[in-house]
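Dear colleague,

Please find the structure below, followed by a short account of what was found in it.

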Protein chains: 2
Amino acid sequence: MSLEVFGDRWSLLIVRDLMIRGFRTFHDFENAGEGIATNILADRLRNLCRAGIVEREPDEKDRRRMNYRLTEKGIDLAPVLLEMLIWGARHEPTGAPGEVIAEMAKNREAVIEETRRRWRDRDPRPLLPWLGGPPAKPGKR
Amino acid sequence: MSLEVFGDRWSLLIVRDLMIRGFRTFHDFENAGEGIATNILADRLRNLCRAGIVEREPDEKDRRRMNYRLTEKGIDLAPVLLEMLIWGARHEPTGAPGEVIAEMAKNREAVIEETRRRWRDRDPRPLLPWLGGPPAKPGKR
DNA sequence: AAAGTTACTTGCAAAAAACAAGTAAATATC
DNA sequence: GATATTTACTTGTTTTTTGCAAGTAACTTT
């Protein structure tokens, strides 16, 4: 099924967080409280880049910072992620509000189009706010 | 996303093979040439049962043989699998004939309904013949 | 110029997976 | 009805992957 890239606990979560939580940087993932170790994170991001699902470019403002972003191939995973979300909401007690998911299931196409739109426009607002957006940068403001 | 069950290389493939290749027994998986070790296979089948995605019942004809089957929760993964298949066909060179996948993408609902139908009716014919059905039982026929 | 921040890497312990072999129970064969 | 075979595993052992703690180079902020 050519999904070997996702044969681990983290890769899919990384894609999800890029797609619907608005994550962009290494720091976002590291401090999201999911408990991924930094070596594993670096490794998974590398793999995803190698697989053509994610790309990285240095930030223009801060040259230390890398911005990670889904490629076209990556954003094409949106339908997969959406179906997973729907399945999870139906069969596992998740934090996701049931009626929101039901609504999403009904408007599949619209939700996917909105996901793509945010990706195209680099709109960083998380699609699913209850998952939480990227963690606040402590040094910023 | 409550998909921790699939945080490994094999569980999803097992579900796929139950869903669209018509696999039923331990032997089917063991000899499908995907190279899964038997201890891992036993462990993953156990996990999937525990997660309520798969159930097992002894065969009536041959009491040694266990038949594995998707539960309702398991067959509800059909949309996820279908989207994965579509994604894989678009972005990775797979063995899947492109136009068949294109057709599937167009008739999403029909394909899912047919998958469910085969599951309900215990129709063992593989949905995607090019993946290969269950391996021939050597002692049979 | 000193003190953070960011995105990593390195080394080591622990956990998980792969490999090889063995086993009990049921069935088929002679 | 004794022997061989099949099925679904389990039990060691080796190899690989992961998790954790610590460190570092490049850059930015103060």
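The contact between the chains takes 22 residues from chain A and 22 residues from chain B, where two residues are in contact if their C-beta atoms, placed from the backbone, lie within 7 Å. This is a predicted model, in which local features need pLDDT of at least 70 and side-chain atom pairs count only at pLDDT 80 or more, while totals for chains, interfaces and linings use all residues. Residues are numbered from 1 along each chain as its sequence is written, and chains are lettered from A and ligands numbered from 1 in the order in which they are written.

On the side of chain A that touches chain B, the elements giving two or more residues are α1 and α5 of chain A; helices are DSSP runs (H or I, at least four residues) and strands likewise (E, at least two), numbered from the N terminus. The most comes from α5(A), with nine residues.

How are the two chains related? A rotation of 179° with 0.0 Å of shift along its axis superposes chain A on chain B, with an RMSD of 0.1 Å; the fit is by least squares on the C-alpha atoms of residues with pLDDT of at least 70 in both. That is the relation of a two-fold axis. The same surface serves both copies, as 100% of the contact residues of chain A recur in chain B. Among the residues of chain A, A:Asp8 comes closest to the rotation axis, at 2.5 Å (C-alpha).

Finally, A:Ile14 touches A:Phe29, A:Arg44, A:Leu45 and A:Leu48, not counting residues up to four places away in sequence.

Yours sincerely
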